[in-house]
Amino acid sequence: MKKIYILDTTLRDGEQVPGAKLNLNEKIRIAKQLELLGVDYIEAGFPSSSRGDLEAVRAVSKILVKPVVTGLARAVKADIDQVYEGVKNAQKPMIHIVLGTSDIHLEKKFGKSTDQVLEMGVEAVKYAKTLLPDVQYSTEDASRSDFEYLWRTIGAVVKAGATIINVPDTVGYAVPEEFGELIKKINERLKNLNDKVLLSVHCHNDLGMATANTLAAVKNGADKVECTINGIGERAGNAALEEVVMGLYVRQNYYDAFSEINTKQIMNTSKMVSSLMGLDVQVNKAITGDNAFAHSSGIHQDGLLKSRAVYEIIDPRDIGLEDMELILTARSGRHALRNTIEKMGFTGLQEDEFEIVHQKFLELADKKKEVYYHDLYYIMQDLWGNEAETQDSKKAKIYELINYQIISSDIFPSASVRIKCAGDIFVKTSSGNGPVDALYTAIKEIVNLPVTLLEYKTSSITQGKEAMGRVRVTVSFADKIYTSTSTDVDTLKASALAFINCINQIEIEIV
Ligand code: KIV
Ligand code: ZN
């Protein structure tokens, strides 16, 4: 039976989702959880895209022990240098280079001849090899490329030293039979050329076939697959790690292959990514959706009572689902709270961090009586969402909500806020079209930044009568977009906090 290597790109392709930006602490948390999940490779960012990405790749590289850590580079020296800077201290570093091979990419993106682009790729690999032994090369848009040119590129970069060839279905155009054939053809030639080089695939979900294409590739010789948690990623997303892994797990006999993922950590990882990124999982999503194991029809329920195997192909415990039903109350105590948080994957909390979490937990338990895992994820998100992120944030103005009052009326809605910044207290009262508008106007007058509110979204999350309200705010400032999410049993307070978090992100950037 063959081992399939799993690369998780939640922190790179996944983080490209608009509004899903994570801060450094959140990225570190997710990276640690991915290590616990047992992924073989972690793509931690695209270091040349921003200083934040470089810092994140560097930080993730320092703390992970088992997985290979990589970052993405275009086929240019400057990008490769940035990735090297990010991963050089990892236990197992790798450079990942991407360059298009389809006619459309060559003509529209580069305006260069096929030979010139191929040469760029070869030079990039040769350069990367002077820095590190492990280099992955991605032939972007491979599924829409001329096969002979695609193979010529693969052959040349392997000769230049690439140790993994990644074949992406960048725009989600492939269909399983055809993609399987493509992988089979490449694999035959590749293994003839150099059987040490791994063949990898990276599928997007534009036609809803990312998982099917990925598994078709495994059936046809792929050694490694690239995925994201909950399938998040560019546009319709990437192949979902949990689907690919459970596909291999449940149908091991068909694929004659396995992964070394600790499937019991799937649910924890899914919940962590969903809450820290503020992206809900579709309720009927395979494996991790709320309804994935819910049986509603009478016939099904009757069958299940006789034997779970009648309608269930996966034991929910195998993905860590039933372990998640613990409910805490104000009486649960510090020890139970710490245990639960650690079980959820948030290990190594400092004492002062735990104190904040404990206080928030007690406040919530007073209001809600029963505190679920869901609620704790949002407490953790608020903790890291608001934490100072970089050296710059120490110099930046950071605003903190002290309290607020809102008068909701259909004649004259108004809001008063009291905010602290660098030891000073600011108070402002404003009116608006509605309570949230009044609240945001008052905050804007205090911070004196011309931000424009682009989107305001509120949803009720978590179970129980006193469900938590989550508010997600997107603003623009100086042609850039900032998003923040906050959660509280009081939706208006969450509204103020989410808006202030966006302001703080801007302040950090403009120092
Ligand atoms: O979709 C794509 O082609 C990519 C590459 C960088 C692998 O994300
Ligand atoms: Zn991609």
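The zinc ion (ligand 2) is held by three protein donors, D13 (OD), H202 (NE2) and H204 (NE2), at 2.0 to 2.1 Å, where donors are N, O and S atoms within 2.8 Å of the metal (3.2 Å for Na, K and Ca) and, because water is not among the atoms, sites may look incomplete. This is a predicted model, in which local features need pLDDT of at least 70 and side-chain atom pairs count only at pLDDT 80 or more, while totals for chains, interfaces and linings use all residues. Residues are numbered from 1 along each chain as its sequence is written, and side-chain values use heavy atoms, with hydrogens and water left out.

**Zinc site**
- Along the chain the donors follow the spacing D-x188-H-x1-H.
- D13 lies in the loop between β2 (5-8) and α1 (24-37) and H204 in the loop between β8 (198-203) and α8 (210-219), so the pair ties together parts 191 residues apart in sequence (helices, H or I, have at least four residues and strands, E, at least two, as DSSP runs numbered from the N terminus).
- Both D13 and H204 are buried, that is, under 20% relative accessible area with a 1.4 Å probe and protein chains only.

**Cysteines**
- The whole structure has 0 disulfides, a disulfide being a pair of cysteine sulfur atoms within 2.5 Å.
- For C203, the nearest cysteine sulfur, that of C227, is 8.8 Å away, and C203 is buried at a relative accessible area of 1%.
- The sulfur of C421 is 16 Å from the closest cysteine sulfur, in C502, which is too far for a bond; C421 is buried as well, at 6% relative accessible area.

How values were computed:
Chains are lettered from A and ligands numbered from 1 in the order in which they are written. Buried means under 20% relative accessible area, exposed over 50%, partly exposed in between (1.4 Å probe, protein chains only).
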